[in-house]
Amino acid sequence: MEPKFPQRVSIAHLPTPIEPLERLSKHLGGPEILIKRDDLTGLATGGNKTRKLEFLVAEALAQECDHLITTGAPQSNHCRQTAAAAARLGLGCALILRGEAPSQVNGNLLLDKLLGAHIYWTGDRDAGELIQEVSSELQSVGRKPYIIPLGGSNVVGATAYILAMQELVTQLKEENLNVDFIVFASSSGGTQAGLVLGAQLYGFQGQIFGISVDHPADGLRTQVAALATATATHLGLDSISVVDHVLVNDDYLGGGYAIVGDNEREAIHLVAQLEGILLDPVYTARAMGGLIDLIRWGAFTRGQTVLFWHTGGTASLPAFADKLL
Ligand SMILES: *Cc1c(COP(=O)(O)O)cnc(C)c1O
C-alpha cells in the first residue's frame, strides 16, 4: 500500500551521509558503529527538525500563511531551524521561548536573532496561551500565522521520518550494509514515530531504540505510539501497527532536561577526539552516552552493527561551554 505523502518543500540537504565510526568502535571493542549525519541537513547548522519542516512549511505555504509560530526551550534547535526555514522562504517567524531572557545571548538564541525571528519569553506563563496571544495579535494586523507544535511533532512533521527511513533503507542496500540497531535521542516523539512507521513500510528489520532525553519511558512510549498511529491514519496506512516496535530507554535522564552530567560530557569528548564529530550537550550526547554505556554493559555483540542517528543540535555547544570543560 503506497501512502499519500503530503506536499514538501525542498530545504534539506538529502540524503545525509552514513559514515563508519571506526576509531570509536575500536576504542569500545563492541559492535561496529555507523553514524547517520542528520546534523548535516542544512538550515543554519542542521538537525532533525529540518526534515520535519520540509512538510510543515509546505502546509503553511499551501494555506497561504505568512508567519511561522513555534515554541521550545531557550536553546531550542527546533526553534532555530524554524527561524531559518522562515527566512529561507520569506516568512515571518515568532518564537515563544520558555522562561526568562538569559543575560547572555549565544548558541541557538544568537542564531534565532541573526535569522530575524521575533522572540517572546513565557516567564511563568503557559506557552500555549502565549502562542494564541501572539497568533491573534498577528491576525489583528492582517497576517496569517501557521502554528507548529513543540518539536514539529505532529502527523505532518512525523511524516518526514517515514521518508528518512526509506532513505536509510535505500542507502543500506546501495552500500551493502546491514544494521541491527538504530539508536538516537527521542524527546517529542516525531522522529521515533516516523522511523517505526517507515521501518514497517520499507522493510527495515533492525530494532529502533529511542534513548529518552526528558520523559519516563512509559510516557514517551505512549506518546510515540499515539503519534505513529495518528500519522498512519493521516496517510491512509490504517493496516500498519507499530505498538510492539516502540522501544524506549529512560536510563539516561540524568539530572533532567539540558542538565549536563558526566554521561554527556564523556560522550562529547570521546566522539570529538576519536572521530572529529561534534555532538550536542542536550540530546545527542545523552543518547550517545547511553549507547556507550550499553556497549560497555555488553548489550550488543561484536558481530552486530549499531547505527547512531545524529539528530543535530551542535549550535547549542557555546551556551554550555562552562559545563563541558
Ligand atoms: C528535537 C531534537 C531531538 C528529538 O527529536 P523528537 O522528534 O522531538 O523526538 C533529538 N535531537 C536533537 C538535536 C533535537 O533538536
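**Close-up 1. Helix H2 in the shell around the ligand.** The largest share of this shell comes from H2, which gives three residues. The model is predicted. H2 spans 48–62. Strand E7 (181–186) and helix H7 (190–202) also take part. Each of these three elements supplies at least two residues of the shell.

**Close-up 2. Residues around the ligand.** The ligand is surrounded by 17 residues. Lys49, Lys52, Ser188, Thr191 and Thr311 are the closest. Sorted by class, the shell holds 12 polar, three charged and two nonpolar residues.

**Close-up 3. Polar contacts of the ligand.** Three residues are shown, each with an atom facing a ligand oxygen in the distances below.
- Lys52: a polar atom of the side chain is 2.6 Å from an oxygen atom of the ligand.
- Asn77: an N or O atom of the side chain lies 3.0 Å from an oxygen atom of the ligand.
- Gly189: here the backbone takes part, with an N or O atom 3.0 Å from an oxygen atom of the ligand.

The protein buries 97% of the 380 Å² that the ligand exposes when taken alone.

**Close-up 4. The pocket and the two domains.** The ligand occupies the largest pocket. Two domains contribute to the shell around the ligand. Domain 1 covers 18–47 + 153–324, and domain 2 covers 49–152. At least three residues of the shell come from each.

**Close-up 5. A cis peptide bond at Pro15.** The bond from Leu14 to Pro15 is cis. Its omega is near -5°. Pro15 belongs to the segment before strand E1, which runs over 18–20.

**Close-up 6. Backbone of Thr45.** Thr45 has a positive phi, near 90°, although the residue is not glycine. Thr45 lies in the loop that links strand E2 (32–37) and H2. H2 is also the helix that gives the shell around the ligand its largest share of residues.

How values were computed: Residues numbered from 1 in each chain as written. Predicted model: local features only at pLDDT ≥ 70, side-chain atom pairs only at ≥ 80, totals over all residues. Heavy atoms only, no water. Near = heavy atom within 4 Å. Polar contact = N/O pair within 3.5 Å; in protein donor to acceptor, adjacent residues only side chain to side chain. Areas by Shrake-Rupley, 256 points an atom, 1.4 Å probe, with all protein chains shown as cover. 1 Å grid on protein atoms, 1.4 Å probe; cavity = no way out; pocket = protein on both sides within 12 Å on 5 of 7 lines; lining within 4 Å. Sits in = over half its atoms within 2 Å of the grid points. Helix = DSSP H or I, 4+ residues; strand = E, 2+ residues; numbered from the N terminus. Nonpolar A, V, L, I, M, F, W, Y, C, P; charged D, E, K, R; others polar. Domains from an automatic or database assignment.
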